[in-house]
Amino acid sequence: MSRVLIIGCGGVAQVAIAKCCQNSEVFKEIMIASRTKSKCDAVKEKLQPTTKTVIETAHVDADNVDEVIALINSYKPDAVLNVALPYQDLTIMDACLACNVHYIDTANYEPEDTNDPKWRAIYEKRCKDLGFSAYFDYSWQWAYEEKFKNAGLTALCGTGFDPGVTSVFVAYAKKHYFDEIDTVDILDCNGGDHGYPFATNFNPEINLREVSAPGSYMENGKWIEVPAMSIKREYDFPEVGMKDMYLLHHEEIEALGRNFPEIKRIRFFMTFGQSYLTHMKCLENVGMLGTEPVEFEGNQIVPIQFLRRLLPDPASLGPRTVGKTNIGCIFTGVKDGKERTLYIYNVCDHQECYKEVGSQAISYTTGVPAMIGTMMVLKGLWKRPGVFTVEEFDPDPYMEALNKWGLPWQVDENPVLVD
Ligand code: NDP
């Protein structure tokens with residue numbers, strides 16, 4: 001049916017590619033293009049004998065719009081799935097517009113150089129106007145709305161697990177369970193153990209930037225920002241057990257706040273063990289999370305990028321990680337005049353994921369929805385001109401696809417709430 005260009009070949013991409021290859025009826029032909037072509041070739045070598053999907057590979061530097069344009073023009077895909085880094089969102093969107101193809105990603109735009117004065121001025125104004133200080137936000141991609149609309153193209157932003165599935169859970173809860181949702185708590189629990197003293201489950205640079213930043217949540221349409229890791233709760237997660245979790249800023253809060261303005265409070269919590277937090281604090285204290293270049297023996301190095309080189313590659317954690325993830329949303333609200341509560345969640349087993357596609361569950365829970373979101377656009381089920389996040393479409397076909405493609409979800413109508 002379709003031809004898709006997949007940009008990036010890291011942990012998430014490798015799952016998305018494996019899932020496209022299981023779904024050859026939709027993904028007839030794919031091209032894997034990334035900065036390091038040898039990784040794309042290795043994935044092709046592994047998967048081609050197992051699938052009817054015809055796989056090609058290419059080198060691309062997605063920071064360079066002209067390179068992406070040239071590649072799209074030569075391959076002529078129906079859509080581009082961006083599973084590189086958030087740094088490349090805008091260049092790839094520009095290239096899609098220039099070549100008239102649909103765009104899909106899993107994370108909103110974030111600049112690589114947070115000291116770029118042009119970006120910084122806009123960022124500082126946004127911090128003041130909106131009240132949260134994360135480096136990433138949707139304004140950069142929402143600014144493409146008119147361009148995508150006029151071109152008759154769909155840009156689907158944030159189809160990973162969180163953002164992604166969690167936002168679809170909100171749309172599903174609203175459609176089937178509530179007349180009015182009052183509060184949403186998004187809970188991201190990783191009960192997995194990879195056996196290393198310290199490693200991140202997805203790109204270390206993006207991950208550490210995210211969790212070392214101040215936390216924030218939305219209440220009555222306004223952002224409330226708190227110091228990093230200052231709000232802690234305990235929760236007994238189904239199939240995982242009791243875990244400490246901390247309030248973080250997370251990008252889906254922004255989009256959900258815009259698309260469901262009636263929700264009075266939206267929070268996001270992620271579980272962390274004490275050892276992870278101690279390592280992170282220490283790295284932060286000694287300056288290893290810095291994003292500004294420092295001079296070292298005549299070379300300019302960015303501390304967090306150097307740290308990334310030292311840490312295990314997230315794509316290599318698969319064989320060693322045991323345990324389960326549990327990610328979902330707890331809702332309170334009203335249906336037919338009565339108060340009700342609800343918990344929709346998915347449990348994913350690291351070793352089951354490894355057996356199926358050779359990856360741990362964090363890459364799996366992101367890569368599967370990346371394939372599903374792309375399929376929604378290709379099949380025309382989620383295809384409207386403009387820039388969208390996933391909760392703006394009918395959740396039902398996506399929820400059905402989650403069950404079919406490896407991320408079955410459960411509904412608990414009497415959950416313990418988070419205070
Ligand atoms: P990795 O670091 O494992 O992979 C990133 C890939 O992008 C690598 O193959 C890398 O190439 C490639 N890449 C980086 N820069 C460029 C460039 N300029 N041009 C072409 N390719 C490039 O990251 P992950 O797979 O862990 O994460 C991928 C994306 O998924 C990120 O945007 C992340 O934020 C997002 N994510 C979303 C989640 C969600 O639930 N929504 C959860 C987890 C991640 P090379 O091999 O040369 O380094």
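**Close-up 1. Methionine 229 sits in the loop between strand S9 (222-226) and S10.** In this predicted model, methionine 229 has a positive phi of about 60°, although it is not a glycine. Most residues other than glycine have a negative phi. Methionine 229 comes out as partly exposed because 19 other C-beta atoms lie within 10 Å, and a residue needs 20 or more to be buried.

**Close-up 2. Aspartate 336 is a second non-glycine residue with positive phi, here near 50°.** Look for aspartate 336 in the loop between strand S15 (324-335) and S16. Aspartate 336 has 7 C-beta neighbours inside 10 Å, so it counts as exposed.

**Close-up 3. Arginine 340 belongs to strand S16 (residues 338-349).** Leaving aside neighbours within four places in sequence, arginine 340 is in contact with Gly333, Val334 and Lys335. With 16 other C-beta atoms within 10 Å, arginine 340 is partly exposed. Phenylalanine 178 is also worth finding here: it is 162 residues from arginine 340 along the chain, yet their C-alpha atoms are separated by 8.0 Å.

**Close-up 4. Proline 238 lies in the loop between strand S10 (232-237) and strand S11 (241-247).** Its contacts, not counting neighbours within four places in sequence, are Asn326, Tyr345 and Val347. Proline 238 has 15 C-beta neighbours inside 10 Å and therefore counts as partly exposed. For a sense of scale, take alanine 171: proline 238 is 67 residues from it in sequence and 22 Å from it in space, C-alpha to C-alpha.

**Close-up 5. A cis peptide bond runs from aspartate 162 to proline 163.** Omega for this bond is near 10°. Most peptide bonds are trans. Proline 163 is in the loop between strand S6 (154-157) and H8, the helix that takes over in the next view.

**Close-up 6. Helix H8 (residues 165-176) packs on helix H15 (residues 395-404) at an angle of about 125°.** Their axes are 9 Å apart, and the angle makes H8 oblique to H15. The crossing of H8 past H15 is left-handed. On the H8 side, look for Val165, Val168, Ala171, Tyr172 and Lys175; they meet Pro395, Tyr398, Met399 and Leu402 of H15. By class, this contact has 8 nonpolar residues, no polar ones and 1 charged.

**Close-up 7. Helix H9 (residues 204-211) and helix H12 (residues 303-310) cross at roughly 125°.** Their axes come within 9 Å, and H9 is oblique to H12. This crossing is right-handed. H9 brings Pro204, Glu205 and Leu208 to the contact, and H12 brings Ile304, Gln305, Leu307 and Arg308. The residues split into 4 nonpolar, 1 polar and 2 charged.

**Close-up 8. Helix H3 (residues 65-75) meets helix H4 (residues 89-99), the axes crossing at roughly 45°.** The axes come within 9 Å, and H3 is oblique to H4. The two helices make a right-handed crossing. From H3, the contact uses Val65, Val68, Ile69, Ile72 and Asn73; from H4, it uses Thr91, Ile92, Asp94, Ala95, Ala98 and Cys99. The tally by class is 8 nonpolar, 2 polar and 1 charged. Residues three or four places apart in an α-helix point the same way, because there are 3.6 residues a turn.

**Close-up 9. Valine 80 is one of the best-connected members of the largest nonpolar core.** This core has 113 residues, and the ones that touch the most other members are Ile6, Ile7, Ala16, Ile17, Ile32, Val80 and Ala155. Helix H14 (residues 361-378) gives the most to the core, with 11 residues. Zooming in on valine 80, and not counting residues up to four places away in sequence, its contacts are Leu5, Ile7, Ile72, Ile92, Cys96, Val101 and Tyr103. Two of these names turned up in the previous view: Ile72 in H3 and Ile92 in H4.

**Close-up 10. Helix H10 (residues 251-259) has a run of buried residues.** They are Glu251, Glu252, Ile253, Glu254, Ala255 and Leu256. The cover over these buried residues includes H8, strand S7 (180-190), strand S8 (215-219), strand S12 (265-271) and strand S17 (386-389).

How values were computed
Residues numbered from 1 in each chain as written. Predicted model: local features only at pLDDT ≥ 70, side-chain atom pairs only at ≥ 80, totals over all residues. Axes fitted to C-alpha atoms, helices over the stretch in contact; angles between N-to-C directions. Helix = DSSP H or I, 4+ residues; strand = E, 2+ residues; numbered from the N terminus. Parallel < 35°, antiparallel > 145°, perpendicular 65-115°, else oblique. Left-handed = near helix turned anticlockwise from the far one by under 90°. Contact = placed C-beta atoms within 7 Å. Nonpolar A, V, L, I, M, F, W, Y, C, P; charged D, E, K, R; others polar. Core = buried A, V, L, I, M, F, W, Y, C linked by C-beta atoms within 7 Å. Buried ≥ 20, exposed ≤ 12 C-beta atoms within 10 Å, placed from the backbone.
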